[in-house]
Structure formats: C-alpha cells, structure tokens
Amino acid sequence: MTDRIRTAPRPDLLVVETSEGAQGLQSRSETSKDELGREVGSVLRVSGLTLDPNDVDFDRQDDETMIINMGPAHPSTHGVLRLMLELDGEFVLRTKPVIGYLHTGMEKTGEQLTYTQGATNVTRMDYVSPIANELNYSMAVEKLLGIEVPERAIWIRMMMAELNRIVSHLVWMATNGMDLGATSMMIYGFRERELVLAFFEKTAGLRLNLNYVRPGGVAADLPDGWQDDVAVICETIDARTYEYDQLLTGQPIFRERMVGVAPITAEEAIALSVTGPVLRSTGVAWDLRRAMPYLAYDQVEFDVIVGTYGDNFDRYAIRLNEIRESVKIVRQCLDMMPKGDYRVQDPKVTPPPRARIGESMEALIHHFKLFTEGMQVPVGEVYSAVESPRGELGCYLVSDGSSKPYRLHVRGPSFVNLQAIPLLMRGGSLSDAITVISTVDPIMGEVDR
Amino acid sequence: MIALPARSPEGVITSEGLACDLLCFATIEQYPKLVRAFKNAGFQMAIDVCGVDYLEQMDRPLPEGVVATRFEVVVNLLNMVKKERVRIRVQAGTDNPEVASLFDLYPGVEAMEREAYDMFGILFSKHPDMTRILMPEDWEGHPLRKDYGVGRVPVQFKEAPGPR
C-alpha cells in the first residue's frame, strides 16, 4: 500500500518544522522527468492538449534555480495560502500551493451537528460569502426532505444572495486594488461593503456569519422599511461602480499589470474543473444561475458576463460588471417581492414563533423536539450546487435517517480553482504572482474547510 | 432521465437519483471505463470527487446487484452543453480501498482525489502526487473515517481529554 504514496526525504538543511515533506515542491534533483513535466504548470498535465515537450526545461540544474516560500503569512496571499515557487531570476518556473493551514475539520464537525445547527457551521467556510454557503446547504437539506419553500422565502434568499455577491466582489475589488498598490480602492471597496453589511445586520442580526438562510426558509422576515434600504444600496453601489471604473479601468499602471497577464484558455479551465469568474473570463458562458436555474433566477433578467482572453483584466472586468448585474437582480427582487410566509409552515422543520410557545402545548412540544433532537431527514444522498461568487459551490449530503448528516461534503470553488495557479503563474514574474493569487480569488476558509 | 452512453461497460446499475439526471453504481473495475464512456459522451468536467465511509451503514439501501463496501467514491460529472449532471457511486473496497485515478481524463480531480486520500485513506492508483493535502505530512490516521478517534490528539488551550 505504501509504495503508491509519494514520499520525499525531509531535507536536513531546511529547518524541519517548516518542511512539508512530499507535500512541498521538491528540488529538481529529486524530481523525475515525468513529474517535472506535470509540475511545470498544470496545463502540461493535460495530455495532448497544450503539452509541448520542448517547453519543459529538464536539463536545468538545481543551482540555476531557487525555491522560495511565499506565505502562509504573506499579506498578499489573502489568508494562509503557502506557495512554493521555483524561480529563475525573477521569473516563476514551477509553483505548488501548499494548503491546510486553516483546516479545522468542518466536514467532520458537520457530522456532529444537527441539520438545524448545520447552517452555522457551513456559513463559516467561505466567510466572504456566507449566504451562498447557507443557501447551498439548505437547498441540499430541502431536497432530501422533499419540501418546497414558500415563494417569499425564495425571493428573499435570492435578494440576499445577490447582495452577498456584491459584498464579495467589493471585497475582491478592494483587496485586488490593495495588492496592486491602489490603496484608495481598498478604502472605497470596504466603504460600500459597509452599506450592505449594515443591512445584513438589520435583517439577520449579524454582519458576517449570518446563519440567515436555514433549511425551510430564512431566519427572519425582512425588516420594516427594507425597500428604502435596498433602494439606497442599489443606487449607491450602481453609481459607485462607475467611479471604480474611472479609478481603475483606464489607469495605466493598473492596465500594465492586468492586461494580458496570466491568460488561461477555455480548454485548460474546463480540464482543471475551474468554475466561476475564472472560467467565464475565457469566454465560456457558464453560470449556474442561467444554466441550471435554482431559486427564481429564471424569472429575473440579468446578463452572464464573459471575457475573451482569460487574463487578469478579464477577471477584473467580469467581477466589476457582475456587481452591476447583481444590482439589477436586487432591483427586480425589490419590485417583485411576493407576500406570504418567509419559511415553510411545517412544524417538523421550522420552530414555532416565540409567542405561540407560551399558549400552545403542541408548539412547545415541536419546539422542544426540534431543538433537542433536530429534524428527521429521510435516508438518501444528494448533490446540490449554487453559483457562489467564486464558482460552483456544491454540497454532497448523505443522510442515514437520523437528525445529523451522515456525511457532509462541500465542494469549495476556491479549493478547485487553486489548481489553476501553477498554470497561470508559469513564466510570469514574481510580481505577477501577486496579481494571479488576487484574481483567482481563493478564500482560504473554503479551501481548507 | 438521460440514457447511459452507448458503449458503457456491462454491469453498471443505474437509477434515477435525487436532483441529478443519472445515478450510476460501479465496481472498481467498471469505474474507469464508465467515466471514459461518459467523457466521450460529452461530459467535459469532473465537478466533484469525494469519499464516503459507510462503516455504520453497511446495510444501506442499494439497488439489487450492488455489493456494498465500506468506502465509496462519489464522482459528479457535468455536461456543460446539454446541462446534465451524472453521479457515479463507486464501491471502493473495505480494507484497502483503492480505485483508479481519473487524472488522465480530468486533470482537475487532482486536488479532490488528494483530499479523499487524506481524509479517508482511499488510494487512487496512478495519481501523480498521492500525498496528504489538508493534514500535515506526518499525521496519523484519516480524520473523516468513522472509526477515527475524535479527541485522540490533545488540543492546545483545552483540558486535553484522554483517548476516547
């Protein structure tokens, strides 16, 4: 069994505590020819696609190159991403992401929590877009339960998910600006985000890990006067995106570092299972909201933004325009928000209102049962996916008929998209490596789970 | 429900799955052939690979003819043209689970297969880089297995409980 597992000596010269053994990038003298071919950017792993044997510099010696370590505490790696880079001068030859520094065993934790509690767990995975996580998890549970959520809950969920996409892309714009030295963008991005977070706080009581979308509906109805808040948010953010446009899009330094840097083709992106803005930047119009509509996305009008060249600039432009499209969807939600229940009226799934517990024995029993035992979910397994701001966020859920998931697996788009990084960085300079990490937009909470 | 690709291997059992277009069950031998047939039928993307440990669920409901094993590898494939999803549940063995790697067909499964190895100890033969991905290199055991001792390792900042 052990001969199938890749092993590597831990070099004595390196401090042993910082060596990751076989997980890390090995020096050339310890890398076989085949392995080197694969490692030189993931694209060379695609047999017969773009593989050019002459492109692989096999005969380079160890003393010509240098392996350096970037992260896990580097400010530009957006968390605890560690990259091992093989450099020739200032140019990157090989890259290997080493992850797991934020691994907290959330999938294992998910097996210990009831379905009601589960949303608090998954919302902490991708902490920049918590609503997408909760939505994904709740939809998987609802599919197993076989329940339909009320119309109003669907529209509230959709509106909150789109507001969350705006927040997520704003954080991306801010940090991307920061990485490139456009520090004013950092301030602006977080300033606008504050608007939406204030609305989240008003609605759900929390700003970040909301636990707002729950199996069966949402936690609370929208607050009084939400129309005004949302209208202000839409108006402000829509206008501000044009300011960002002025600030960044034509800016020569910004363009110099974005246009034509780190391109990826559609074939490569699909082969590497890359989704989200990185895939759309190559011209593939794949957006689950349009391709496999969930919630009420088939009833609203929006455009799927695609790029052409798959470079850094396309990924920037897609995210900027997706903010505008999300604003468009939120405006339609504002107009079309139906009246009715905000959660399904099934006492086995949703707790009774607080006021009912004092006057109804049945409500008290349901409340007690729900919070001590949790809801009973029929035996089965389901895979359900939504389009998170980073790509396809999937949830594979196995139920054994009890009140806790037997297996909770989350397909994090950041985790999978990270595989494109060695390919994108190949041949670029070290300073471009920063922009590549930024435009792929990995959220380490979701990568490591 | 969509049909199986024309040249699918014998013995694959299918049924209508919940929220997917087709659910297939395969043995370790049928699995690579089945995935190849699906890839030729236009499923361009391997969207997800994960493992499941059915230690406490050996009597789980399965279609007739499927021999339950402790470990399952669950693969989700996506056809982006026809907008179809296929889920394949591979009975991956009980004692030394090992299945073929899909790396040659879908390079994007590299990290996902490493995760399944790290969490469940399921080996993927011919995988180019079968190492742990989330846990440290010298970690003992595979955390998502059902018989993994939770609390076995003393945790900092806590009164460390003894091995459970």
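**Reading the predicted two-chain model**

Biologist: What makes strand β5 (residues 84-93) of chain B count as largely enclosed by the rest of the structure?

Modeller: In this predicted model, eight of the ten residues of β5(B) are buried, so the strand is largely enclosed by the rest of the structure. A residue is called buried if 20 or more other C-beta atoms lie within 10 Å of its own. Across chain B, buried residues make up 43% of the 164 residues.

Biologist: How do you know that β5(B) pairs with strand β2 (residues 22-26) of chain B, and in which sense do the two run?

Modeller: Pairing requires at least two bridges, and five bridges join β2(B) to β5(B). The two strands run parallel. B:Cys24 has B:Ile88 of β5(B) as its bridge partner.

Biologist: What makes β4(B) a partner of β5(B) as well?

Modeller: Nine bridges join β4(B) to β5(B), and here the strands run antiparallel. Within β5(B), B:Arg89 stands opposite B:Val74. β4(B) and β5(B) form a hairpin with four residues between them, and B:Lys83 in the turn has a positive phi of about 60 degrees.

Biologist: Which pattern of elements does chain B follow along the sequence?

Modeller: The pattern is β-β-α-β-β-β-β-α-β, with two helices and seven strands in chain B. Among contacts in chain B with a separation of 6 or more, 55% are between residues 24 or more positions apart.

Biologist: How many residues does each chain bring to the contact between chains A and B?

Modeller: Chain B gives 39 residues and chain A gives 47 residues. On the side of chain B that touches chain A, β3 (45-53), β4 (71-79), α2 (110-120) and β7 (123-125) each supply at least two residues. The largest share of that side, six residues, comes from β3(B). By class, the side of chain B that touches chain A has 24 nonpolar, seven polar and eight charged residues.

Biologist: Why are α6 (residues 183-204) and α7 (residues 226-249) of chain A described by their mutual direction as they are?

Modeller: Their axes cross at roughly 170 degrees and come within 11 Å. Angles over 145 degrees count as roughly antiparallel, and α6(A) and α7(A) are therefore roughly antiparallel to each other. Residues making the contact include A:Tyr188, A:Leu195 and A:Phe199 of α6(A), and A:Ile233, A:Ile237 and A:Tyr244 of α7(A). By class, the contact has ten nonpolar, two polar and four charged residues.

Biologist: Why do β1 (66-70) and β3 (91-98) of chain A stand at the edges of their sheet?

Modeller: The sheet is open and has three strands in the order β1-β2-β3, with antiparallel pairing. β1(A) and β3(A) each have a single partner strand, so one side of each is left without a neighbour in the sheet. From one strand to the next, the twist averages 25 degrees. β1(A) pairs with β2 (residues 82-88) of chain A over five bridges, and A:Met66 has A:Leu87 in β2(A) as its bridge partner.

Biologist: How do you know that the span of helix α14 (residues 361-372) of chain A is close to the expected one?

Modeller: At 1.5 Å a residue, 16 Å is expected for the twelve residues of α14(A), and the helix reaches 16 Å from its first C-alpha to its last. Just after α14(A), A:Gly374 takes a positive phi of about 90 degrees.

Technical notes: Residues numbered from 1 in each chain as written. Chains lettered and ligands numbered in written order. Predicted model: local features only at pLDDT ≥ 70, side-chain atom pairs only at ≥ 80, totals over all residues. Expected span 1.5 Å × (residues − 1). Contact = placed C-beta atoms within 7 Å. Nonpolar A, V, L, I, M, F, W, Y, C, P; charged D, E, K, R; others polar. Axes fitted to C-alpha atoms, helices over the stretch in contact; angles between N-to-C directions. Buried ≥ 20, exposed ≤ 12 C-beta atoms within 10 Å, placed from the backbone. Parallel < 35°, antiparallel > 145°, perpendicular 65-115°, else oblique.
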